[in-house]
Amino acid sequence: MKTDTNFDVLVVGAGHAGCEAAVAAAKMGAHTLLVSMNLYLVAQMSCNPAIGGIAKGQIVREIDALGGMTGIVTDNTMIQFRMLNSSKGPAMWSPRAQCDKQQFTLFWKSILENQENLSLRQDTVTSLLIHDNEVCGVQTMQGQTITASKVIITAGTFLNGRIHIGEVNFSGGRLGEMAAPLLSDQLQAAGITTRKLKTGTPVRIDGRSVHFDRMTPQPGDEQPAKFSFTDTPPLTHQLPCYITYTSPEVHDILRTGFEKSPMFQGRIQGVGPRYCPSIEDKIERFADKDRHQLFLEPEGRNTHEYYLNGFSSSLPEEVQTEALHHLPGLEDAVVLKPGYAIEYDYFDPTQLHFTLESRVLPNLYLAGQVNGTTGYEEAACQGLMAGINAVLSLRHEPPFILTRSQSYIGVLIDDLITKGVQDPYRMFTSRAEYRILLRQDNSDYRLTPLGYQHGLISRERYEAMQQKYAVQNNIVECLKTTAVVPHQINDYLTLINSPTLSQKVKLEVLLRRPEIRLEDLLQHLPEIQATIAAITSDRQLFLQAETDIKYASYIEKEEELAKRMENLEGVKLPADIEYDPLSFLSKEAREKLNRIRPLNLGQASRISGVSPADISALLIFLSHPAK
């Protein structure tokens, strides 16, 4: 009989990773406990009040397709939606939403409180219980000893966190919240490599003090989409963001604080994010630029608080405020919270299995910023995967590992474990080799069957997904088999400066022209439009069918490349293989292979320092091992 101090899965930290991990484990039937220092701040948007963005939006749609909750929470709390990169090809389209920060937390809290098999506890984990070098529970600050078969640490920036504002610095996990000072010290003593990273956040501003008419408004999309493939409510009333710019005068003011900057004076040892630098770092690294774009973003419908995206800083507050007052529209801005930098501990992700279980301490899983990533989305997907794999391990079932050709989640985890991190890892579309296969619109097709297989997706949702793609295939088939004659379409082709027809042509062939869109084409072919409308009126299915046709040759090429890589992925490396005696491998390759322990040749080929020659030699060795 289980008690409230004995659990199957225990999750430490209720950030975006922790919430996804806890719900996934509980959904799969595990008796789960989520421990947080403050249960009123679960899934807190401690940086910008937004979900998604370039490649991050694809991750959120993948989380949703697998049965995670971030997309559903976003759809129910968003106040603006934009599809980024919509002027480019569909492989680059990335959904992004501004959210009501407070409602986002409250909606997540409601999900956690109503999830069957999930218990919550407000407390601070101070140490792990370790027996025979295996994790078996935790000890808390309030004196509780809680045993668990699997422990997942998702502590974000709280492990030995230290906040810096100019020459002022103090312990903290976020501004106004205490750090967790002991846990990472224990892990380091146990042999887990611990290093430091740094991230920053900008000032928060009272919107009543802003001159919005001096800025450029940035509205949401006229037809806002959403993240979840489920029936979440449509967004009906959007709030605008606003754009302003720095200037040489602003840069000069910021430079006056460099002598007190903890980053420039060496008080911060952690490495900051390369792709989201502080404003002082920007004006140093890009000294040739006389201005930088900034976005003023609302933090909710019922608050006057705004977030100045692009203006993160650890400079003294008086310098931040003086520079702020020289930005167009912010001349009289009142600061509610200064920008600050936070330095925190993270663990070398190359010491993890691909399940996110520690190689050093069995039964311990690590997910989120503790693995060196940055961003809510990157954290959430790791939490989901850690939760799933913890339960599968409990059941003694095969692990759930996504490949690079299956998902952005697979790319992220593979990158972390085979390459490690030198600065906070952020996902970009450029990191994925198979971007056309990994579009945001087909995430459910790729991943919902896997979520269903692992008990995170209901049968009804799975069957609805199957029906959806059956309808889409019917649209594609209609376009492949239906032909038009010149007199039906030449007037339209002339109008858009596209070559006219001299003979009958299938719609599929016509649609491959880059200047032709399916919706526009059908408006000039009413009979065919009626035929397709009889199949479905779902605009999203039109767009996906159009993508399948326009990019068919590119999709086929990527599928061929993915199959070639699958050949390497299919060559398993024995778990007990000893690399040191393999003198035909370079010394660096032997060291890296011993440390990372890839599961197959595909993973081995992506490890920095393992050359193609090493892979070829390994392939020969595995085919003809020494007698």
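Q: Let's start with one residue: is Ile-549 buried or exposed?
A: Ile-549 is buried, with a relative accessible area of 2%. The cut-off to keep in mind is that buried means under 20% relative accessible area. Please remember as we go that this is a predicted model.

Q: Where in the fold is Ile-549 found?
A: Look at helix H17, which covers residues 539–550; Ile-549 is found there. For a sense of distance, take Asn-442 as a partner: the two residues are 107 apart along the chain, and their C-alpha atoms are separated by 14 Å.

Q: How should I read the chain as a whole, and how many helices and strands does it have?
A: There are 21 helices and 22 strands in the chain. Its C-alpha trace spans about 80 × 80 × 55 Å along the principal axes.

Q: What does the radius of gyration tell me about a chain of 627 residues?
A: The idea is to compare the value with what a compact globule would have. For 627 residues that expectation is near 25 Å, and the chain has 26 Å, which agrees. Burial adds to the picture: buried residues make up 57% of the 627 residues.

Q: Now for charges. What is the general idea behind a salt bridge, and what does the count come to here?
A: Side chains of opposite charge can pair when their charged atoms come close. To count a pair, we ask for a side-chain nitrogen of Lys or Arg within 4 Å of a carboxyl oxygen of Asp or Glu. By this rule the count comes to 33 salt bridges.

Q: Could we look at one of them, and which residue forms a salt bridge with Asp-64?
A: The partner is Arg-461, and the closest N and O atoms are 3.0 Å apart. Asp-64 lies in helix H2 (residues 56–66) and Arg-461 in helix H12 (residues 459–481), so this salt bridge ties together parts that are 397 residues apart in sequence. Both Asp-64 and Arg-461 are buried.

Q: What about Lys-101, and how far apart are the closest N and O atoms in its salt bridge?
A: Lys-101 pairs with Glu-299, with 3.3 Å between the closest N and O atoms. The two sit in distant parts of the chain, 198 residues apart: Lys-101 belongs to helix H4 (residues 101–114), while Glu-299 is in the loop between strand E16 (293–298) and strand E17 (305–309). Both of these residues are buried as well.

Q: And which side chain meets that of Arg-439 in a salt bridge?
A: That is Asp-441, at 2.9 Å from N to O. Check the accessibility of each partner: Arg-439 is buried at 3%, and Asp-441 is buried at 5%.

Q: Salt bridges can be listed as pairs, but which residues are linked in a network of salt bridges?
A: The network links Arg-404, Asp-414, Asp-415, Lys-419, Glu-433, Glu-569 and Arg-606.

Q: Which residues gather in a patch of negative charge on the surface?
A: Here you want charges that are not in a salt bridge. Glu-167, Glu-259, Glu-317 and Glu-318 form the patch. One of its members, Glu-167, lies in the loop between strand E10 (162–165) and strand E11 (168–171).

Q: Turning to the backbone, what is phi of Ala-43?
A: Phi of Ala-43 is near 50°, a positive value in a residue other than glycine. Ala-43 is in the loop between strand E2 (32–36) and strand E3 (50–52), and Ala-43 is buried at 0% relative accessible area. Leu-356 is another case, with a positive phi of about 75° although it is not a glycine. Leu-356 lies in the loop between strand E19 (340–347) and strand E20 (364–366), and it is buried at 1%.

Q: To finish, how far apart in space are Thr-5 and Met-565?
A: They are 46 Å apart, C-alpha to C-alpha, and 560 residues apart in sequence. Thr-5 lies in the segment before strand E1 (6–12) and is partly exposed, with a relative accessible area of 27%. You can do the same with Pro-224 and Glu-397, which are 41 Å apart in space and 173 residues apart in sequence. Pro-224 lies in the loop between strand E14 (216–218) and strand E15 (241–245), and at 25% relative accessibility it counts as partly exposed.

Methods
Residues numbered from 1 in each chain as written. Predicted model: local features only at pLDDT ≥ 70, side-chain atom pairs only at ≥ 80, totals over all residues. Heavy atoms only, no water. Patch = residues over 30% accessible without salt bridge, like charges linked within 9 Å, V, L, I, M, F, W, Y side chains within 5 Å. Areas by Shrake-Rupley, 256 points an atom, 1.4 Å probe, with all protein chains shown as cover. Lys, Arg positive; Asp, Glu negative; His and termini not counted. Charge placed at Lys NZ, Arg CZ, Asp CG, Glu CD. Helix = DSSP H or I, 4+ residues; strand = E, 2+ residues; numbered from the N terminus. Rg over C-alpha atoms; globule rule 2.2 N^0.38 Å. Buried < 20%, exposed > 50% of the residue type's maximum accessible area, 1.4 Å probe, protein only.
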